[in-house]
Each structure stands twice: as structure tokens, then as C-alpha cells.
Amino acid sequence: MRLRLPERLSFVDLILWGLRVAIVVFVLVGSYATLSQGVLGFDGWRTLLIVGVAQGSIYALIALGYTLVYGVLFMINFAHGEVFMAGVFTAFFAATALADSGILNGNPLFGLAIIFAVSMVTSMVVAVILERVAYRPLRRAPRLVPLITAIGASLFLQYTFRSLYGSGVRSYPTIEILTGTFDIAGVPIQKTQVVVIVSAILLMVGLYFFVQRTRTGRAMRAVSEDKDVAAMMGINVDRVISTTFAIGGLLAGAAGILYVFLFNSVSFSMGFLPGIKAFTAAVLGGIGNIVGAMLGGLFLGVLESIGPFLFLDGLGVPSTNQLRDVVAFTLLVLVLIFRPYGILGRKE
Amino acid sequence: MPAGLTDGVEQATMTDAAADEVEPTRGAIMVVRSLTKRFGGLVANRNVDFDIPQRSIVSLIGPNGAGKTTFFNQLTGMLQPTEGEIEFNGVSIVGLGPHQIVELGVGRTFQNIRLFSDMTAMANVMVGRHSRMKSQWYEAILHLPRVREEEEATRQRARELLDLVGLARRYEDESAKNLPYGDQRRLEIARALASDPKLLLLDEPTAGMNPGETGRMTEFIGQLRRDLGISILLIEHDMKVVMGVSDRITVLDYGEKIAEGLPEEIRTNPQVIEAYLGKQAHA
């Protein structure tokens, strides 16, 4: 039997419109119910917001790695979460050694600089080797091939680091100068959150200027627009791609350390979830778009932090805090359905 | 013809005399010997010998599909020849990648404009200067002072080039895609010149232009050689442009060189007329 539908509205459109309306109604009703119960005061919401921004700025840093690589290669580097893990997991040993020898808390700035350097350089090296070994030979292969390779590389890296460093979850040593709170305009904010947000913003601003105002940044944009012409402008395309992976790795390595400031523990599988979340953020912002990845990361972090409570608590859903991943991935699905090119991306 | 062209013509005549021995022309900036390019069973270029004398304007013409762009692409490293030899300034460039050939001093534009359309006019020209810049990415991260100096010098040079090709200042920060068509062509030339080429390859620089713009472009090409002292290889369909500006003309048909010589010789060459108009025109 054939369904008869109005000429300009297909069956699929109808379902999509229904879905749109349902989501809006659900969000409004849920938010209204939660807010009218008034469980959480202004301070409570503010705390959730800050948690969200801190978490989101880490997503943003990782998302930049996805988006930069997509920009030059048009592939999703699904092993990027492992690039993130590799740095921070390796830096764990530096951190413990520094803590044991008393340097970390005796001369914290020096100690932190070393930890950051170890993590960033490790992630960078892993990212560059990954590109050289796993992706470059497949440059001319159909697009599905490097995608599958990336998933393989992701597993390979996870289990390589598991056999190197063990399968246990390890705790980073406490860094004394980062415990406690800052008072910012009368609002107490945890020092770690302040450090995370400020460092992430500095790195992102730095990256933006790097891409806009330097020789290599321009070369990256040129390669992203047209590889053949970029080569004819004297750009060594292979080297630019390598550099892009290196910069994505540096950012992921820094994000790793910021991540342990907030969550304190490392393990071989720690890259998976933040990796997928950051991928979501990159898609949300428009994959390939640098500012999009930053905004997407922040938006996802805040939504994840506030969303479950705001939308669901008033509807009587218990322990909404555990539903943050559900909210994040629902968002991914919705973005892919309604705006696959993202917030700032362009329709192709 | 402008007075400045006599130089090139003399050299060109010498080439003619030497053509039989297939010796490199004295003072030739580019020498191509028995170049062959096959794509599977299709022969796109067969045994092409070709010289570009210093400071000359040489045109490559031929019907559509004659293998002109394929030939161009081999000179710039975008394609590798199947057989044959290409020397630029006495150095073999076969096997080199495009970015290495640019570094040696070959710049080019494209038949269908291929600017970086999302980048500003200024950024396009600055990308063109990539091979003449030295700063590395980690130096930029470390904020070394010479990175900033080089950036400033490059911006200055790019501005001069935009002036040279006659692109208005107000377009500097405009995305390339928003420029009028003729200006996009000029911008492509500025971008190619940014690498300080000794040889400039122009692939149909007047395609899609109206007669007025074409006239100005023809004049500009002559002026480029006069002012910058570079050699120019031109692919062009507009015979008025080719005849007006070239020192020498080479004709390709079905991938083979069928004629070579001064504009007047080519104009009257029966083989060339046949290639363009078909046998019926003769009959």
C-alpha cells in the first residue's frame, strides 16, 4: 500500500518535523518542571555552568585535533583519543617521579612545565608516527579505508599502552598549588577549573593566530582548500600534513594534563570517551572549522553539565548526573540528522 | 612589437637554426627533450622537444585535447613524464615534486582559476611566497622575532605585487572568491610571481575575458617580461594574443609537435591550418 502525502512534504520530512517538535516540547516541559521546583539555586546552576565550561574547554582542545586533521585530509582520525591518552599516561610517570623527589610541590611551576612538556611531546610524536605509518600510505585510497585504519590504530594504541603501562587505573599525584579555590568577583571557583579554562583559552587563541598569521598556518589553509595548487605554490604538502598532526597532538597532550587536573586518574582506555565526545563537539561546530570546534566543545561541555539536570530532573528521572553521556550522544545524533555540516560549517 | 622584444627574437632565431641538432639552446632556461607521456594506451605527449630561451615569451598552441595542459603539468611536476628529459636552468627536474620545482623558480597559473577562494587576496599572495620564506612552525610557536620580521616583509612584498598586477588596495582583505573575474586572473598572476619565478607558465590567461580585458592582459604579459626580466610560457587560444605577444610559437596536435617558429611562420603554416580547421578546409 502506498501512503499518499502532500506533494511537497515527504514521509521522511514529516517524521523529522515531528521529531523537531517533540524535542522542543520535551526540553521546554522538562526545563519548566525542573525550574519550577526550584531545587537548585542560582549558585547551584553557576557551579554546573563552570564545571561545564571547564569540561568543555578540554573537549574543545581535543576537538581541534579532529578538525585540523579533517581540514587537510578529509578523514576522521578516530585514533585521536589515543593520542590524547598516550601523552597524559606517559606524563603520569614523570609526575610521580617529580612528586616522589619533592620537586612537584617544592617548585610547582617547573614541575608542571615538565609534566606538560612530556605529555605534549609524547602526544605529538604518537600523532606524527600515526600519520606517517598508518595514514600516509593510504592517502590515495577510497575514503572508507583510512577510516577503518583509524579504528584499527585506535585499538592498537590502546593495547600497546596497556602492555607498556599496565591495565590499572592510576591516580596522578596531588599538586598542592592547584588545590583549593580562587575567589573571583566574590564567587569561589576551584583553582583547577580556573587553570583549565584559562590555559585552554590561551591555547585556542594561540592556535587561531597561528593558523591565520603564520607561514605554516597559511600553508595549512591552502592545503585544506586545494592540495595540488598548494604544492604549486611551493608548499610541501606531506610536511604540512605532518605538522598538522603534530599540532593536533600538542593540543591533545595539553588537554590530557588539564583533564587529570579535573579527574585525576589515567588508564589505557581513558582516551575513548573524551575522544568520541570531542569528535561530537567537532561535528557540532562544523568539522574542519576551527572556531566551530572551539564553540562546539564549550557548548557540549555546558550542555552535558547542565542538560541532564535541567531537562530531566523535573520529570522525576533519578540520578540525572549519570545521563550526561546520553545527552551528549543524543546531541550527536540530532546534529547528524538536522545539521550534519554543523553550526559554523557550510552546506556542501 | 615593442622594442624590448628584439632580444628574444634574436635568441629565438638561433633556436630555429639549432633545432635539427636537438642541442640545448644557448641561454635556454628550460630544455625539454623527447618528452613522452602515456596514460595507459593513450599518448598525451609524443617525443616533444621544446626550448624556452631566456627572457622570451613562448606560446604553446593547438586544438583542444592536443596535450598542452598535460605538457604544462609535467613541467611543473604535477605529472611525471613517461619518457624524456626536462631541464630547468641546467638542472634536471624529472622526478622532483611541484614544491621543489617552484623553489627552483617556476611559477604557474591555471586555466580555470584556482585561487584559495576562502582566503583573502593578500593571504593568497603570501601563500605564493611560501617557498621564499624560512620560518618553521615551531619558531612561530616560540614567537622568535625573525618570524615576525619575515611575516612583515612578506606582507610588504605581497602588497607590491598586488600593485604590480593592478589590483586595487580595497581588495586586499577581500576573500578571493568575491573578486571580479578579471581581477581573479590578475591575483593568480600576483600569487605566481610571489615565488620570484624565473619562468612563468600562464595557462590561458585571457580565457573568459572580454576584448578590452584581453587587450590589457596581453599588454601586461609583455610588460612583465620587460620589467621583471622573466621568461614566459603561454598556453592560449586567442590567436590575437598569441600573435601579438609571442617571440616563438610551438604547435601541438594529438600530442606531437607539428610546427615551431616565429608568429608569421606559424600563421601561414599549412599543417597548422589543417590541424585547426580540418582537412575539408584544404580541399
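Student: Which domains does the assignment give for chain B?

Tutor: This is a predicted model. In chain B, domain 1 covers 3–105 + 197–281, and domain 2 covers 118–196. Domain 1 is thus written as two segments.

Student: How many residues does each domain of chain B bring to their contact?

Tutor: Domain 1 of chain B brings ten residues and domain 2 of chain B brings eight residues. Look next at which element supplies them. On the domain 1 side, helix α3 (residues 98–104) of chain B gives the most, with three residues. Then look at chemistry. That side of domain 1 of chain B has five nonpolar, three polar and two charged residues.

Student: In what order do the strands of the open sheet in chain B lie?

Tutor: Read across the sheet, not along the chain. The order is β6-β7-β8-β3-β9-β10 in chain B, six strands with mixed pairing.

Student: Which strands stand at the edges, and why does one side of each lack a neighbour?

Tutor: Count partner strands. In chain B, β6 (106–108) and β10 (256–261) each have a single partner strand, so one side of each has no neighbour in the sheet. For the twist, take the average turn between neighbouring strands: here 20°, direction ignored.

Student: Which strand is joined to β6(B), and by how many bridges?

Tutor: The partner is strand β7 (residues 199–203) of chain B, joined by three bridges. β6(B) and β7(B) run parallel. For the register, pick a residue pair: B:R108 stands opposite B:L201 in β7(B).

Student: How many bridges join β7(B) to β8(B)?

Tutor: Five bridges, and these strands run parallel. B:D203 has B:I235 in β8(B) as its bridge partner. Now take β3(B). It pairs with β8(B) in the parallel sense over four bridges. There, B:L60 has B:I235 as its bridge partner. So B:I235 is a bridge partner of both B:D203 and B:L60.

Student: Is β8(B) enclosed or open to the outside, and why?

Tutor: Count buried residues along the strand. Five of the five residues of β8(B) are buried, so the rest of the structure largely encloses this strand. Then check each face. B:S231, B:L233 and B:I235 lie on one side, B:I232 and B:L234 on the other, and all are buried.

Student: Which strands does helix α2 of chain B lie across?

Tutor: Helix α2 (residues 68–75) of chain B lies across β3 (57–61), β6, β7, β8 (231–235) and β9 (248–253) of chain B. For direction, use an angle to one strand. α2(B) runs at about 150° to β7(B).

Student: Where is B:Y254, and is it buried or partly exposed?

Tutor: Place the residue, then count its neighbours. B:Y254 is in the loop between β9 and β10 of chain B. B:Y254 has 15 C-beta neighbours inside 10 Å, so it counts as partly exposed.

Student: How many residues does each chain give to the contact between chain A and chain B?

Tutor: Chain A gives 20 residues and chain B gives 27 residues. On the chain A side, α7 (191–213), α8 (215–225) and α9 (227–232) each supply at least two residues. α8(A) gives the most, with seven residues. By class, the chain A side has eight nonpolar, five polar and seven charged residues.

Student: What span does helix α10 of chain A reach, and what is expected?

Tutor: Compare end to end. Helix α10 (residues 237–263) of chain A has 27 residues and reaches 38 Å from first C-alpha to last, close to the 39 Å expected at 1.5 Å a residue. Then check burial: 21 of the 27 residues of α10(A) are buried, and the helix is mostly covered. A:N264 follows α10(A), with a positive phi near 70°.

Notes. Residues are numbered from 1 along each chain as its sequence is written. Chains are lettered from A and ligands numbered from 1 in the order in which they are written. This is a predicted model: local features need pLDDT of at least 70, side-chain atom pairs count only at pLDDT 80 or more; totals for chains, interfaces and linings use all residues. Domain bounds come from an automatic or database domain assignment. Two residues are in contact if their C-beta atoms, placed from the backbone, lie within 7 Å. Ala, Val, Leu, Ile, Met, Phe, Trp, Tyr, Cys and Pro count as nonpolar, Asp, Glu, Lys and Arg as charged, and the others, Gly among them, as polar. Two strands pair if DSSP finds at least two bridges between them. Axes are lines fitted to C-alpha atoms, for helices over the stretch in contact, and angles run from 0 to 180 degrees between N-to-C directions. A residue is buried if 20 or more other C-beta atoms lie within 10 Å of its own, exposed if 12 or fewer, and partly exposed in between; C-beta atoms are placed from the backbone. The expected span of a helix is 1.5 Å times one less than its number of residues.
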